[in-house]
Amino acid sequence: MFNLILFGPPGSGKGTQSDKLVARYGLIHLSTGNLLREEIANQTPLGIEAKSFMDKGRLVPDAVVIGMVDAYFDKHKGARGFLFDGFPRTAAQAEALDSLLAHKNTSIAAVLALEVTEEELVKRLLNRGKTSGRSDDTNEAVIRNRFAVYMQETTAVATHYKAAGKFEAIHGEGTVDDIFEAICKAIDSKMS
Ligand code: B4P
């Protein structure tokens, strides 16, 4: 199996690039953001709980997210690999992922981190908010809170995978296609 984490702050292009990457490499796309939005759309108890956190720009509790990821693994038993998008977002989630993968006798091959300045991120998210209908993209204070949460809780994930020698930064500004090529180059060098 080849398992990849696409990492970066809110709006750095993880979702955009993931769609192209799964098409090229045949990996299963696991976006916790998409899974949570599906639960919200279906008005499940999990979705109703998650919405109250997401609307404030906060993270959904670890136990909820990890349980959801575990269930997703069970649905994709024959996968040749996973692309993790927006997960893990806390040190506890990173540890849970490592042990879920260890049970499958596999591990994370690489963590590719999209680097984008905060001003560019705010611009992209407010712009997406005009058409996405996402309540966490329309209010600048909520967007800034998402960055604060990223600094407080999610940078620990980078530290975790840097210590394991698996972390690589990718310049995340420029055209979607140029960034895609830079990511593919990094993946191809890990696969060979
Ligand atoms: P996510 O759904 O993961 O998404 P995101 O961080 O908002 O955006 P992403 O980086 O995927 O950006 P995109 O490609 O769309 O998270 C949403 C919320 O869910 C979190 O705040 C949290 O509350 C909750 N959540 C999710 N996972 C969780 C977890 N594991 N634990 C706890 N809570 C969790 O790009 C953004 C915009 O930029 C788009 O409009 C795109 O068109 C544009 N764009 C992309 N690339 C561009 C480029 N190169 N140039 C210009 N614009 C570009």
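This dialogue reads two pockets and one helix pair in a predicted model.

Me: Where is empty space left, and what is the volume of the largest pocket?

Reply: Rolling a probe the size of a water molecule over the atoms shows where empty space is left. Here the largest pocket has a volume of about 790 Å³. Its lining has 39 residues, and the closest to the centre are Lys14, Arg89, Arg128, Arg134 and Arg146. Elements giving two or more residues to this lining include helix 1 (14-25), strand 2 (28-31) and helix 8 (176-191). Helix 6 (118-132) and helix 7 (140-163) are also among them.

Me: How many lining residues of the largest pocket are nonpolar, polar and charged?

Reply: Eleven are nonpolar, 17 polar and eleven charged.

Me: What about the second largest pocket?

Reply: Its volume is about 250 Å³. Of 17 lining residues, Pro9, Leu114, Tyr150, Met151 and Thr155 are the closest to its centre. Strand 4 (108-115), helix 6 and helix 7 each give two or more residues to the lining. Helix 7 supplies the largest share, six residues. By class, the lining has eleven nonpolar, three polar and three charged residues.

Me: How are helix 6 and helix 7 packed?

Reply: Two packed helices are described by the angle between their axes and the distance between the axes. Helix 6 and helix 7 pack at about 135°, with axes 10 Å apart. They are therefore oblique to each other. Their crossing is right-handed.

Me: Which residues meet between helix 6 and helix 7?

Reply: Helix 6 brings residues including Leu121, Val122, Leu125 and Arg128. Helix 7 brings Glu140, Ile143, Arg144, Arg146 and Phe147. The contact has six nonpolar, no polar and six charged residues.

Notes
Residues are numbered from 1 along each chain as its sequence is written. This is a predicted model: local features need pLDDT of at least 70, side-chain atom pairs count only at pLDDT 80 or more; totals for chains, interfaces and linings use all residues. Side-chain values use heavy atoms; hydrogens and water are left out. On a 1 Å grid over the protein atoms alone, a cavity is a set of points where a 1.4 Å probe fits but cannot get out, and a pocket is an open set with protein on both sides within 12 Å along at least five of seven lines; lining residues have an atom within 4 Å of a point. Grid points are joined across faces, edges and corners, and a volume is the space filled by probe spheres set on the points. Helices (H or I, at least four residues) and strands (E, at least two) are DSSP runs, numbered from the N terminus. Ala, Val, Leu, Ile, Met, Phe, Trp, Tyr, Cys and Pro count as nonpolar, Asp, Glu, Lys and Arg as charged, and the others, Gly among them, as polar. Axes are lines fitted to C-alpha atoms, for helices over the stretch in contact, and angles run from 0 to 180 degrees between N-to-C directions. Angles under 35 degrees count as roughly parallel, over 145 as roughly antiparallel, 65 to 115 as roughly perpendicular and the rest as oblique. A crossing is left-handed if the near helix is turned anticlockwise from the far one by less than a right angle, and right-handed if clockwise. Contact means heavy atoms within 4.5 Å.
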